[in-house]
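Student: I have a sequence and a structure here, and I would like to understand the words people use for them. Could we go through a few together?

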Amino acid sequence: MRVGIGYDVHKFVNERKLILGGVHIPYEKGLLGHSDADVLIHAIMDSILGAAALGDIGKHFPDTKEEYKGIDSLKLLKEVNKLVKGKNFKIVNIDSIIIAQSPKMAPYIETMIENISNALEIHKDQINIKATTEEGLGFTGRKEGIAAQSICMIMR
């Protein structure tokens with residue numbers, strides 16, 4: 001068994017869609033990033049890559065490459081799945097948390113889990129996603145951005 005952790009953060013900006021877990025969430029702002037800025041998927045990818053000792057998403061999908069500009073992060077997650085399977089690993093489970101003062105995440109979490117399950121070709125029961133606020137503290141509490149953390153266990 002091997003374990004990896006992932007963390008990502010993106011700041012809010014105007015005129016971008018808010019995408020989390022592959023779900024478009026209606027909100028007045030979106031997240032700034034080279035790709036679709038899906039902070040949850042980015043944290044999950046880093047936790048998987050870390051568990052397999054394969055570096056991080058910046059190594060595999062650098063923001064200096066035009067081919068990744070605006071890309072759907074679920075496509076990148078599928079590529080991470082191929083990399084991990086290529087090393088004869090399988091995902092045991094993923095536990096993630098979205099840290100955001102707003103918007104509320106509860107209505108979207110089941111669809112996020114379905115999207116991630118499909119991309120990774122694992123059962124929904126192997127994925128857990130939670131959301132929390134920081135009670136108005138810090139950059140997420142001030143609604144300046146969203147952060148996400150993830151931990152993943154893999155095995156050969």
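Tutor: Happily; this is a predicted model, and we will take its surface terms and then its largest pocket.

Student: Why is isoleucine 151 called partly exposed?

Tutor: Its relative accessible area is 38%. Buried means under 20% and exposed means over 50%, so isoleucine 151, at 38%, falls in between and is partly exposed.

Student: And where is isoleucine 151 in the chain?

Tutor: Isoleucine 151 sits in strand S7, which covers residues 145–155. Together with Val3 and Ile5, Ile151 makes a nonpolar surface patch of about 290 Å².

Student: What makes Ile151 eligible for a patch?

Tutor: A patch residue needs over 30% relative accessible area. Isoleucine 151 has 38%, so that condition is met. Ile also counts among the nonpolar side chains that can be joined.

Student: Is glutamate 135 buried or exposed?

Tutor: Glutamate 135 has a relative accessible area of 67%. The cut-off for exposed is over 50%, so glutamate 135 is exposed. This residue lies in the loop between strand S6 (127–132) and helix H5 (138–141). Glutamate 135 and alanine 100 are 35 residues apart in sequence, and their C-alpha atoms are 9.5 Å apart in space.

Student: Now the largest pocket: what lines it?

Tutor: Its volume is about 220 Å³, and its lining includes Asp8, His10, Phe61 and Asp63. Strand S1 (2–13), helix H1 (39–51) and helix H2 (57–60) each supply at least two lining residues.

Student: How do the lining residues divide by type?

Tutor: Five are nonpolar, five are polar and two are charged. Asp counts as charged, so Asp8 and Asp63 belong to the charged group.

Terms used
Residues are numbered from 1 along each chain as its sequence is written. This is a predicted model: local features need pLDDT of at least 70, side-chain atom pairs count only at pLDDT 80 or more; totals for chains, interfaces and linings use all residues. Side-chain values use heavy atoms; hydrogens and water are left out. Patches are made of residues with over 30% relative accessible area and no salt bridge: like charges are joined within 9 Å, nonpolar side chains (Val, Leu, Ile, Met, Phe, Trp, Tyr) within 5 Å. Accessible areas come from the Shrake-Rupley method with a 1.4 Å probe; for residues, only the protein chains shown count as cover. A salt bridge is a side-chain nitrogen of Lys or Arg within 4 Å of a carboxyl oxygen of Asp or Glu. Helices (H or I, at least four residues) and strands (E, at least two) are DSSP runs, numbered from the N terminus. Buried means under 20% relative accessible area, exposed over 50%, partly exposed in between (1.4 Å probe, protein chains only). On a 1 Å grid over the protein atoms alone, a cavity is a set of points where a 1.4 Å probe fits but cannot get out, and a pocket is an open set with protein on both sides within 12 Å along at least five of seven lines; lining residues have an atom within 4 Å of a point. Grid points are joined across faces, edges and corners, and a volume is the space filled by probe spheres set on the points.
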